[in-house]
Amino acid sequence: MRCIGQGLESLKTFCAVMSLPNPVEQKSYDVINNTLSRVMKEVAEESMKRAAVEENSSLPDNLLTVSGDGTWKTRGHSSLIEYVL
């Protein structure tokens, strides 16, 4: 259910329709969700650190190039960046 953006109530409904036993209670579901969230955050941060180290080690002058097209500015976002010419 987490993969499709649904919660415990949707899981209970699904189990009822499929004639499966009731899933976990709210307290257990929250513990599982919190554990998954913490672990996913740790994995994501470690992955980003490894990618940064790999990128830095592949460049002889240790300079990273960042590219962006500015389309985020057209989607209701505001910027605090001032352009100096």
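Author: A residue is called buried when its relative accessible area is under 20%, exposed when it is over 50%, and partly exposed in between, with a 1.4 Å probe and protein chains only. The model discussed here is predicted, so local features need a pLDDT of at least 70 and side-chain atom pairs count only at pLDDT 80 or more, while totals for chains, interfaces and linings use all residues. Residues are numbered from 1 along each chain as its sequence is written, and side-chain values use heavy atoms, with hydrogens and water left out.

Reader: Why is Phe14 called partly exposed?

Author: Phe14 has a relative accessible area of 41%, and because this value falls between the limits for buried and exposed, Phe14 is placed in the class in between. Phe14 is located in helix 1, where a helix is a DSSP run of H or I with at least four residues, a strand is a run of E with at least two, and the numbering starts from the N terminus. By that rule the protein chain has two helices and zero strands.

Reader: What makes Phe14 and Met1 count as being in contact?

Author: Contact means heavy atoms within 4.5 Å, and, leaving aside its neighbours within four places in sequence, Phe14 meets this condition with Met1 and Leu20. Met1 belongs to the segment before helix 1 (8-17), and although Met1 and Phe14 are 13 residues apart along the chain, their C-alpha atoms are separated by 9.4 Å.

Reader: Why can Met1 be part of a nonpolar surface patch?

Author: A patch is made of residues with over 30% relative accessible area and no salt bridge, where nonpolar side chains (Val, Leu, Ile, Met, Phe, Trp, Tyr) are joined within 5 Å and like charges within 9 Å. Met1 is partly exposed with a value of 31%, so Met1 passes the area condition for a patch. The patch covers about 590 Å² and is made by Met1, Ile4, Phe14, Val17, Met18 and Leu20, and accessible areas of this kind come from the Shrake-Rupley method with a 1.4 Å probe, in which, for residues, only the protein chains shown count as cover.

Reader: What makes the pairing of Glu9 and Lys12 a salt bridge?

Author: A salt bridge is a side-chain nitrogen of Lys or Arg within 4 Å of a carboxyl oxygen of Asp or Glu. The side chains of Glu9 and Lys12 meet at 3.7 Å, N to O, so the pair satisfies the rule. Glu9 and Lys12 both lie in helix 1, three residues apart, which is about one turn of the helix. Side chains of opposite charge can pair when their charged atoms come close.

Reader: How many salt bridges does the structure hold?

Author: The structure holds two, and one of them joins the side chains of Arg38 and Glu42 at 3.4 Å, N to O. Arg38 and Glu42 both lie in helix 2 (residues 26-58), four residues apart. Arg38, at 45%, counts as partly exposed, and Glu42, at 43%, is likewise called partly exposed.

Reader: Why is Cys15 called buried?

Author: Cys15 has a relative accessible area of 8%, which is under the limit for buried, and therefore the word applies. Cys15 is found in helix 1 and, not counting residues up to four places away in sequence, touches Leu20, Pro21 and Pro23. Pro23 is found in the loop between helix 1 and helix 2, and at 18% Pro23 counts as buried too. The contacts of Pro23, under the same sequence exclusion, are Leu8, Leu11, Lys12 and Cys15.

Reader: What makes the phi of Ser19 worth a remark?

Author: Most residues other than glycine have a negative phi, and most peptide bonds are trans. Ser19 is not a glycine, yet its phi is positive, at about 60°. Ser19 is found in the loop between helix 1 and helix 2, and because its relative accessibility is 67%, Ser19 counts as exposed.
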